[in-house]
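Student: I'd like to learn how to read side-chain contacts in a model. Could you walk me through them?

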Amino acid sequence: MATIALATNLVTYLTGVMHFDVVNSANQITNYMGTSYMLSILIAFLADMFIGRPKSVLISACFEIGLGLLAIQARSSKLKPPPCNLFDPTAHCTKVGGRDAVILFGGLYLVAIGSSGIKASLPSHGADQFEEKDPKEARQMSSFFNWFLLSGNIGSVASLTLIVWIQDNKGWDWAFGISSIGMVVGALLFISGLPQYRVQVIQKSNPLIEIIQVYVVAFCNRNLHLPEDPEELYEINRDKEAAIEAEFLPHRDVYKFLDKAAIQVTPITQDGKPNSWKICTVTQVENAKIILGVLPIFCCAIIMTLCLAQLQTFSIQQAVTMDTRLTKHFHIPPASLAIIPIIFLLGLVPIYDRFFVPFARRITGHPTGVTHLQRIGVGLVLSCLSMAVAGLMEVKRKQVARKHNMLNAIPVIQPLPISVFWLSFQFFIFGIADLFSFIGLLEFFYSQAPKGIKSISTCFLWCSMALGYFLSTIMVNIVNSATKGITESRGWLAGNNINTNHLNLFYWLLSLLSFLNFLVYLYVAKRYKYKPIVQEHRGPTNSRVTNEDNTDLEDIEVQE
């Protein structure tokens, strides 16, 4: 709740208070969001290797002090530019700079550090409360991710109604201050549950280094021939592996070039400890294969965030020019449009989790009803459709502006005679896409990652989102440069007047890229091999080894 209102309404703050132009403010927001998601990788590494996930959540919450810094700046007229209407062609507005810019970006990026740490650690910490090798708890973990989305949406509803209304009607200082208080309350609630949590053991070894070792050893052994029998590849004794609580993974016939890292050049004694930079275990190799296998899925998720970035920037600018009346005396803040799909999701998530998943489970036999990759694919299709609809809505908005001779109308002061709720279609479709892809990606990366890097695994999603936001900045600049000489506005997205640019063409370009991205996704998803799951049972028995498609791979004997 504390940061969502900032992300959605930041474009209004940067243009209306700090006097950035439209394109620059959009780029500043995507850079801020990209940094927020990218930093999660570093913080996840620290959480997995050194400080643990609960401490990471609490330390990250302390960085939200940036909201207090922003509240002080918004309160003091000496720390921001004098009031001015950027959209008035006769106005000469002063852009924020010097000390004031340092305070602005210092506060923003402190918030970015704090939110990145919470993103990195909180989902994984929640999933740690479930044992994925236990069939019952594996289903509960899938439900956890659905309810995690629901709880986030409840916070979003409060943020996009109460906080945004306060921003627009009571002042940004009040909004930032209340958000700071909300962050403190959230941290106290988390602390209250500490005695009840399952806390993951911090790994003494570094799984990332172990994966790097696989590539180094495989390269050094590139001229060696693989044995015909995979059993000849090196693996530590399973009894010893159980004693040190290590994760065992059976050999898979994919990415065979990495198997060369496990070739035994010289015999290894029972008690001998080989040099990890000269030979790796089969489990190490399989972990490296998993990381390599998820990279194409990771890349396909980037384009979806590229589309999301436009809903948080240019779609808000569209809304500012339109009629925002909900009733005769009440106007909906433009940034609150994002609440439309969220309200729908509040009802859809329980229906999906309690009715659709059990129904689909009976048909497919899969614990979560559909596989993670199927769920992600639905989200990618809907994001493509969202951008196509956004382009159509922009055409309609500009037709109204042209029909009423309002192409040069000043936003807010001279709203176009078209309801802002026309934009709800693109937000609504993308909201459904978010339900499928966001949780699908989060659960996919968590379930497929090696045991020692679960926090880092969920950050694959945040990292793909970061790259999507950074790509948005690059894309906007490239499109403006490429179209500068062929349009009267000197670029599809140039200038502060979106009534005279070509935002609809930009939306359709993104829709085309999303469609091509989906075709690539179909190819890589079809070829992807899920990580084997060993479902152990009590007593001397055979454990069932399956993959995510619930397909039996082999039976291995587990000694108690």
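Tutor: We'll go through salt bridges, cysteines, aromatic pairs and charges over rings in turn. Keep in mind that this is a predicted model.

Student: Fine. How many salt bridges does the structure hold?

Tutor: The general idea is that side chains of opposite charge can pair when their charged atoms come close. In this structure, there are nine salt bridges.

Student: Let's take one. What do the side chains of D128 and R53 form?

Tutor: D128 and R53 form a salt bridge, with N to O at 2.2 Å. The pair links distant parts of the chain, 75 residues apart. D128 sits in the loop between α5 (98-127) and α6 (135-169), while R53 belongs to helix α3 (residues 53-62).

Student: Is D128 buried or exposed? And what about R53, buried or exposed?

Tutor: The cut-off you need is that buried means under 20% relative accessible area. D128 has 14% relative accessibility, so D128 counts as buried. R53 is at 2%, so R53 is buried too.

Student: Which residues are linked in a network of salt bridges?

Tutor: That would be R252, D259, E286 and K289. Start with R252 and E286, whose side chains meet at 3.0 Å, N to O. R252 is in the loop between α9 (238-243) and α10 (282-300) and E286 is in helix α10, so this salt bridge ties together parts 34 residues apart in sequence.

Student: With which residue does E286 form a salt bridge inside helix α10?

Tutor: With K289, where the closest N and O atoms are 3.0 Å apart. E286 and K289 are about one helical turn from each other, because they are three residues apart in helix α10.

Student: How accessible are R252, E286 and K289?

Tutor: R252 has a relative accessibility of 10%, which counts as buried. E286 is buried at 1%, and K289 is buried at 1% as well.

Student: On to the cysteines. Which of them does a disulfide join?

Tutor: In general, a disulfide is a covalent bond between the sulfur atoms of two cysteines. The structure holds one disulfide, and it joins C84 to C93 with S to S at 1.9 Å. For the handedness, look at the angle about the S-S bond: it is -75°, and the link of C84 and C93 is left-handed.

Student: How accessible are C84 and C93?

Tutor: C84 has a relative accessible area of 23%, so C84 is partly exposed. C93, at 24%, is partly exposed too.

Student: What is the nearest cysteine sulfur to that of C280?

Tutor: The nearest one belongs to C220, 10.0 Å away, and C280 is in no disulfide. The cut-off here is sulfur atoms within 2.5 Å. C280 is buried, with a relative accessible area of 0%. C299 is in no disulfide either, and the nearest cysteine sulfur, that of C300, is 7.0 Å away. C299 is partly exposed at 43% relative accessibility.

Student: Now the rings. How many aromatic pairs are in the whole structure?

Tutor: A search finds 19. To read a pair, take the distance between ring centres and the angle between planes. Y13 and W172, for instance, are 4.5 Å centre to centre with 45° between the planes, and this pair is tilted. Y13 is in helix α1 (residues 4-16) and W172 in helix α7 (residues 172-192), so the pair ties together parts 159 residues apart in sequence. Y13 is buried at 1% relative accessible area, and W172 is buried at 11%.

Student: Why is the pair of F314 and F506 edge-to-face?

Tutor: Because the planes of F314 and F506 are at 75°, with the ring centres 6.2 Å apart. Planes over 60 degrees apart count as edge-to-face. F314 lies in helix α12 (residues 314-320) and F506 in helix α17 (residues 503-527), so parts 192 residues apart in sequence are tied together. F314 is buried at 2%, and F506 is buried at 0%.

Student: Which residues form one aromatic cluster?

Tutor: F444, F445, F460, Y528 and Y530 do.

Student: Last one: where does the charged end of K119 sit?

Tutor: Over the ring of Y37, 4.5 Å from the ring's centre. You can read K396 in a similar way: K396 lies over the face of W422, at 4.5 Å from the ring centre.

Definitions and conventions
Residues numbered from 1 in each chain as written. Predicted model: local features only at pLDDT ≥ 70, side-chain atom pairs only at ≥ 80, totals over all residues. Heavy atoms only, no water. Salt bridge = Lys/Arg side-chain N within 4 Å of Asp/Glu carboxyl O. Helix = DSSP H or I, 4+ residues; strand = E, 2+ residues; numbered from the N terminus. Buried < 20%, exposed > 50% of the residue type's maximum accessible area, 1.4 Å probe, protein only. Phe/Tyr/Trp six-rings, centres within 6.5 Å; stacked < 30°, edge-to-face > 60°. Lys NZ or Arg CZ within 6 Å of the ring centre and 35° of its normal.
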